[in-house]
Amino acid sequence: MSKNILVKAIDVTKNYGHFCALDKVNLEVARGEVCCIIGPSGSGKSTLLRCINLLERMDGGGIWVNDELVGYRREGNNLYQISDIEISRQRRRIGMVFQRFNLFPHMTALENIIEGPVHVLGEPVKDAEGRGRTLLERVGLAEKANHYPSELSGGQQQRVAIARAMGMRPDLILFDEPTSALDPELVSEVLDVMKDLAASGMTMIVVTHELGFARNVANTVAFMEAGKMVEFGLASEVLSAPNSARTAEFIKAVHS
Amino acid sequence: MTTATTDRSTGGDQQYEIAHLKLVPKRHVGRMIAAAVVLALLAALVRAFSVGQIEWSYVSQFLFSPAILAGLYNTLVMTVAAMTLGIVLGVVIAIMRISGNPVLSSIAIGYVWVFRGAPALLQLMLWFNLALIFPTMGIPGLFEFRTVDIMTPFVAAVLGLGISQGAYTSEVVRSGLLSVDSGQYEAARTIGMTQLKMLRRIVLPQAMRVMVPPIGNEVIGMVKLTSLASVIQYSEILHNAQIIYFANTRVLELLLVASFWYLFVVSVLSVGQHYIERYFGRGSKSIRSAV
């Protein structure tokens, strides 16, 4: 496997009963790249994202992050499911930002950020707090450190959630429709933070409907429909001159 | 009718001028009558007690007597011990119930079915009389006890009350766990938490907000339920009051003494519950605005 490839998904398949959510999907994301996954609702975008950090277990195929097979251990000709503790160890290197933020409501913004570093990575509270404040500053919320999530706007909550993901010093951050639950006027403040993050070299996989963001920030774009990867390539090519008629139709419909 | 229409045509503006009028509030006649009736009944009740054949001097004499205070202490000890066992069992059973393991969850369902199905008094008596079927207990070869030696009234009461309480508390805990949004579980997993850490750091603190009011009620219920232990000779407050009135025949006076102390303990606990609810409600808008 090439050295700069961080995430590689091969023939990933996922079924819910008779419904095929993912049908032999392939994806490759290089270190430091931003990949946007677009497509209509129910096309399997989020399911693919959730397979990468094992919130969903795939039924076939494999995903490698950092050349490490996610969720399994290979021994000779057997694949063994790894233990829950091993799974949580793999997840530490993969951050995730959710559509509905999912901040811990009983903790302040700063406590949300240091929860993982202190209680999972075992960092001293002082160090974690210092780094947490720096992260809050970076997402423009230095003065909100002691506010509870219920006291913050949707856009502010999502920025704290991004800082929480960064607090774990991940190799990769997954974004699951990060702006879909926001008031329209709050979308740009979150996208700006994501742009900064991309510029700093973070590897990101972003499920989104924001084609403008994809055009400006993404290196690669994947278009999915009905559990299939319809098109995957450089952002400029997929968005401006798509190969498939279906992709062109979707892009046109979103823009109009 | 006709005059009204004429008035309107001539001095129409006047009828819309109401700012200078005096507002006479509505009179709640029904409420006043109901309040008067209830107050009269209450006065009659107070009078009945004051002229009834109650020797109030006995009430005040025994209110702080050593036997009653010792009983009060034992009631509190029993409440804490049985409730602790109940909460520990409740948390374990609730987690077994929602775990994916079919054997564990079936056992949890069976536990709730059995121990919620039998009266607490009956369960106390079963534990107390366990020696009838198991004369000795222990692990053969390692250690062994005579059952009558360890199954004291205290132990039998803690087991009987705690285990049946566990059945109720597990349902409270389960509803608390289910009240936590699935996104919270996912967020906790995403930062690499193991199952146990997720429960302890993320899920239980949030579930507590839902669990505290019903558990508070159950603690208050347990204070009173400990009186059942008087049946198996545990010397809690009611048992001690009974011993005294068997000797001096002042039945009602001593029952009033016991009721005073139950009411006192329950009142103190209610105040404590308020503060615990406020603590676990931190970060929640609805609670904070109410405080």
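Student: How many residues of chain A are in contact with chain B, and what makes a pair count as a contact?

Tutor: In this predicted model, 24 residues of chain A are in contact with 20 residues of chain B. A pair counts because its C-beta atoms, placed from the backbone, lie within 7 Å.

Student: Which element of chain A gives the largest share of that side?

Tutor: That's H2(A), with five residues. The elements giving two or more residues there are H2 and helix H3 (109-119) of chain A.

Student: What makes residues on that side nonpolar, polar or charged?

Tutor: It goes by residue type: Ala and Val count as nonpolar, for example, and Asp and Lys as charged, while Gly is among the polar ones. Sorted like that, the side of chain A that touches chain B has 11 nonpolar, seven polar and six charged residues.

Student: Why are B:Ala187 and B:Ala188 in helix H9 of chain B called buried?

Tutor: A residue is buried if 20 or more other C-beta atoms lie within 10 Å of its own. B:Ala187, B:Ala188, B:Arg189 and B:Thr190 are all buried, so each of them reaches that cut-off.

Student: What covers the buried residues of H9(B)?

Tutor: The cover includes helix H2 (84-91) and strand S8 (94-97) of chain A, plus helix H10 (195-225) of chain B.

Student: How do you know that strands S1 and S2 of chain A pair?

Tutor: Pairing takes at least two bridges. S1 (residues 5-16) and S2 (residues 19-30) of chain A have eight, in the antiparallel sense, so they pair. In one of those bridges, A:Val12 has A:Val25 of S2(A) as its partner.

Methods: Residues numbered from 1 in each chain as written. Chains lettered and ligands numbered in written order. Predicted model: local features only at pLDDT ≥ 70, side-chain atom pairs only at ≥ 80, totals over all residues. Helix = DSSP H or I, 4+ residues; strand = E, 2+ residues; numbered from the N terminus. Buried ≥ 20, exposed ≤ 12 C-beta atoms within 10 Å, placed from the backbone. Contact = placed C-beta atoms within 7 Å.
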